[in-house]
Each structure stands twice: as structure tokens, then as C-alpha cells.
Amino acid sequence: MMRFGRNKLGHNNDSLTSRTVGLALAVLLAVYLLVCLILGWYWSREPGLEPVAPTPGPDTTLVVGSTTARTVHGLMYTLLQKPGGFTGNDIFPPGVWLDNMPSWEFGVLVQVRDMSRAMRRDMARSQSQSQEDPDLALAEPRFNFDNNSWMFPGSESEYRSGLRALNRYIRRLETGEANFYARADNLASWIGDSSTRLGSLSQRLSSSVGQAEVTEEGRHYRKTPWLEIDDVFFEARGSAWALLHLMRAVEHDYADVLERKNAMTSLQQIMRELEATQQPLYSPVVLNGSGMGILANHSLVMANYLSRANAAMIDLRRLLEQG
């Protein structure tokens, strides 16, 4: 009887220990999930509209092109240094659970790539037969590196390498050892690329409610999958955020060209439309109501702003290309 009693007591102790361990693990898991939830919310907050260009030091003299180059640097630096850092290639929580912020980052990244290509191809060269800038030739392909690579090498590593090359170009530019040509044809070429981007985003946003598309093969009906609607929305929002900063830089560096072409008003109209895309989203989710339905359709609202900005960009390009 005594042996039976001890076995029963030992069994009870083992059960109590198991329950205690299980409860402790459950509490730790709950705390971990809560921390991830809070971090995910914090990391998903978008940067504001404050200038992103690094503030020049007291011994630095800004020249034509400084603001544009510094803005590209600031956009890329923001992607890497914002709360949570670059999340597009995260493989651990909470970053791996996020989808809105990686989409926003990709929108910014596309604009950085377009401007760095324009600088390398046109803005830092006096003519098509002139030699390209060696530092921009290093920076531009680094910014075009895969944004989903998490190691060997990681996306952040390549982007930081591109930032270092861009920094060298900025230093050389501001000491007179590098060039930036603020010409109408250079600006018109970049405006054309940006206009194409906005047109594509506007069409993708409009597809949230479905739309008929007529091609040579016939009539097709295209609609954005339900799970991708918010991704397209935040990609467009990030792209518009970055483009607004770049337009502000262009307003400064190309001021003489814009005034001479009577194009400053068109540029300011573009910036007003892009600013409207950055209004706070008060809904916890991206709503996808029908065009005339009870619920809002945030994608159609965003598409409207981008379409109007795109129309102004077409006008701006036309003015720049006129003799």
C-alpha cells in the first residue's frame, strides 16, 4: 500500500509539472505573438513627407544635381533605416507576416531604380557618346538587385554598396569632379519613364473592380485577385511617395529649365496630386467596394489621383520637348 501511494503521488507530481511547463510555454507563446503584433504594427507605419535628402554640412556647397542625387540617397537610406529596416526579404516574424510594407518598399525601390538609371544614362553625361560616371555605373545595378534575397548576398548588403557608390558620386559632384547636366531632354526622358509607371499602376488599381480589355486577340475581362488588392494599393502609395520627393528635387535642380519652358505650373500640379495620394488611410483594411456602392474603393481613389498626376506629366513632357 505504501508503494502504491508513492507511485500515485509521483504520478500527480509529474502531471502537475507537465501542466506547469505547458502553461509556461503557452504564456511565452502569447507574449511572443503580442510582441510580434506590436512590432508588426510599428514597422508598418509609413514615413512622412519630410525631406529625405541628407542635410549638407557647413563646408558643403550644393551644386546643380546635388538635391536630386541626395534625394535618391535619402530614399534608399530610408528603406534601410526606417523602423524594422528593409522587410521585403524577411524570413522571420514579424517581417515575414507583413505584406503591406514590403509592397510599399517595392514601390519606392522602383522609383529609385528609374532615377538612378536616368542619372547614369543621361543626367551625368554631356551626350550619348560621352563616358558614363564610374560611381553611378556601380550604384545603378546594385539598386536593381533582387529585393527578396536574404543572404549570399542579402538585398540590404547590395543596396548599401550602391549607397556607398552614390555617396562617392555626390562628393565628387559637389567638389567639381563629377557632372550633372540639367537639360530639358534629360528631364523629359525621365518624366516619360515615370509617366509609364504611373499609367501601369493606375490600370492595376482600376482592375480592383474588374475591367474589360480589348486586344488583337479579342475582348478579355481582367480583375485583380482579392488577396493582391492591398499589395497593389501600397505599392502605388510607396511609388507616389518616392516620386513626390523626386519631383521636389527636380523642381530645385531644373528650376531654370522649367521656368524657361513655362513648365513650373505643370510640375506643381503633379506634386499636388501626388501629395493627395499620401492622405491617412483611416480604414484598417483596403476597402474594395463597387464603383457606385455603399463602401469606398480605395484603389479607385488612388487610381484617380495617379491618373491626374500622369496627365500632368504628359503635359510637362510635351512642354519640355518643345523648342
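1. Let me start with one residue: at a relative accessibility of 30%, Glu132 counts as partly exposed. Please keep in mind as you read that this is a predicted model.

2. Glu132 has a charged partner. Its side chain meets that of Arg120 in a salt bridge, at 2.9 Å from N to O. Glu132 lies in the loop between H3 and helix H4 (134-143), while Arg120 belongs to helix H3, so the pair links distant parts of the chain, 12 residues apart. Arg120 has a relative accessible area of 21% and is also partly exposed, since the buried class ends under 20%.

3. Staying with H3, you may like to look at how it packs. The axes of H3 (residues 100-123) and H6 (residues 184-206) come within 10 Å and cross at roughly 155°. Angles over 145 degrees count as roughly antiparallel, and H3 and H6 are therefore roughly antiparallel to each other. The crossing of H3 past H6 is right-handed.

4. Which residues of H3 meet H6? On the H3 side they are Val110, Gln111, Asp114, Met115, Arg117, Ala118, Arg121, Asp122 and Met123. Their counterparts in H6 are Asn186, Ser189, Trp190, Asp193, Ser194 and Arg197. By type, the residues of this contact divide into five nonpolar, four polar and six charged.

5. A salt-bridge network deserves a look alongside that contact. Asp114, Arg117, Arg121, Asp122, Asp193 and Arg197 are linked in it. Across the whole structure, a search finds 20 salt bridges.

6. H6 also takes part in a salt bridge with H7. Glu235 pairs with Arg204, and their closest N and O atoms are 3.1 Å apart. Glu235 sits in helix H7 (residues 229-253) and Arg204 in helix H6, with their positions 31 residues apart in the chain, another link of distant parts. Is each partner buried or partly exposed? Glu235, at 13% relative accessibility, counts as buried, whereas Arg204, at 33%, counts as partly exposed.

7. Finally, there is a pair further along the chain. The side chains of Arg308 and Glu273 meet in a salt bridge, again given from N to O, at 3.1 Å. Arg308 is in helix H10 (residues 298-321) and Glu273 in helix H9 (residues 264-276); they are 35 residues apart, and the pair links distant parts of the chain. Arg308 is partly exposed, with a relative accessible area of 43%, but Glu273 counts as buried at 5% relative accessibility.

Technical notes: Residues numbered from 1 in each chain as written. Predicted model: local features only at pLDDT ≥ 70, side-chain atom pairs only at ≥ 80, totals over all residues. Heavy atoms only, no water. Axes fitted to C-alpha atoms, helices over the stretch in contact; angles between N-to-C directions. Helix = DSSP H or I, 4+ residues; strand = E, 2+ residues; numbered from the N terminus. Parallel < 35°, antiparallel > 145°, perpendicular 65-115°, else oblique. Left-handed = near helix turned anticlockwise from the far one by under 90°. Contact = heavy atoms within 4.5 Å. Nonpolar A, V, L, I, M, F, W, Y, C, P; charged D, E, K, R; others polar. Salt bridge = Lys/Arg side-chain N within 4 Å of Asp/Glu carboxyl O. Buried < 20%, exposed > 50% of the residue type's maximum accessible area, 1.4 Å probe, protein only.
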